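Here is a short briefing for the bench. Look over the sequence and the structure first, then read the points by topic.

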Amino acid sequence: MASYLGMEAHTGFFIKAISFLAVVMTLGELSQRCYCWAATVLLLWGVLSSELVGLGPDDCIAVLAALVFLRAVPLIYRRALTVAATYPLALTFPYAKHIL
């Protein structure tokens, strides 16, 4: 199959990025949503690599990595915001309780 996007050299990075983002997105919970996303990825892989669209395996991985990244951005933002809000409180609480 022809490569339309020219992403052959970056396939290894995309696979590592998808794996890392999947771990970050499901950290702490493995709900039905995770299984739905896995089924969606398999369905998208089938559609993108079919004769109708005709993308190669490397291009499919690039498209799926972009979609997983878009899905992971709000989740990573929420987790970073939670850590930024609670970590300073955890550090200063032992000192603040003696002052108050």
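F69 sits in helix α3. This is a predicted model. The chain holds 3 helices and 0 strands. The points below start from F69 and move on to the fold, the core, the cysteines and the surface.

**Two positions on helix α3**
- F69 has a relative accessible area of 48%. It is therefore partly exposed, since that class lies between the 20% limit for buried and the 50% limit for exposed.
- The C-alpha atom of F69 is separated by 9.5 Å from that of A22. Along the chain, these two residues are 47 residues apart.
- A66 is also found in helix α3.
- The relative accessibility of A66 is 41%, so A66 counts as partly exposed.
- A66 pairs up across the sequence with I18: the two are 48 residues apart in sequence. In space, their C-alpha atoms are 8.9 Å apart.

**Overall fold**
- Read from the N terminus, the order of elements is α-α-α.
- The chain has 100 residues, and buried residues make up 18% of them.
- How much do residues 24 or more positions apart account for among the contacts with a separation of 6 or more? Their share is 71%.
- The accessible surface of the chain is about 7500 Å². Carbon and sulfur atoms hold 74% of that surface.

**Nonpolar core**
- Which residues form the largest nonpolar core? The set has 5 residues: L21, M25, V68, A72 and L75.
- Two elements give two or more residues to this core: α1, residues 11-25, and α3, residues 57-99.
- Helix α3 supplies the largest share, with 3 residues.
- A72 is in contact with L21 and M25, once its neighbours within four places in sequence are left aside. Both of these partners are listed in the core, as is A72.

**Cysteines**
- How many disulfides does a search of the whole structure find? The search finds 0.
- C60 has 0% relative accessibility. That is under the 20% cut-off, so C60 counts as buried.
- Is C36 buried or partly exposed? C36 is partly exposed, because its relative accessible area of 41% falls between 20% and 50%.

**Nonpolar surface patch**
- L43, V47, L52 and V53 form a nonpolar patch on the surface. Together they have about 410 Å² of accessible area.
- One of these residues, V47, lies in helix α2, which covers residues 32-48.
- V47 has a relative accessible area of 39%. That value is over the 30% required of patch residues, so V47 passes this cut-off. By the burial classes, V47 is partly exposed.

How values were computed. Residues are numbered from 1 along each chain as its sequence is written. This is a predicted model: local features need pLDDT of at least 70, side-chain atom pairs count only at pLDDT 80 or more; totals for chains, interfaces and linings use all residues. Side-chain values use heavy atoms; hydrogens and water are left out. A nonpolar core is a set of buried Ala, Val, Leu, Ile, Met, Phe, Trp, Tyr and Cys residues joined through side-chain atoms within 4.5 Å. Buried means under 20% relative accessible area, exposed over 50%, partly exposed in between (1.4 Å probe, protein chains only). Helices (H or I, at least four residues) and strands (E, at least two) are DSSP runs, numbered from the N terminus. Contact means heavy atoms within 4.5 Å. A disulfide is a pair of cysteine sulfur atoms within 2.5 Å. Patches are made of residues with over 30% relative accessible area and no salt bridge: like charges are joined within 9 Å, nonpolar side chains (Val, Leu, Ile, Met, Phe, Trp, Tyr) within 5 Å. Accessible areas come from the Shrake-Rupley method with a 1.4 Å probe; for residues, only the protein chains shown count as cover. A salt bridge is a side-chain nitrogen of Lys or Arg within 4 Å of a carboxyl oxygen of Asp or Glu.
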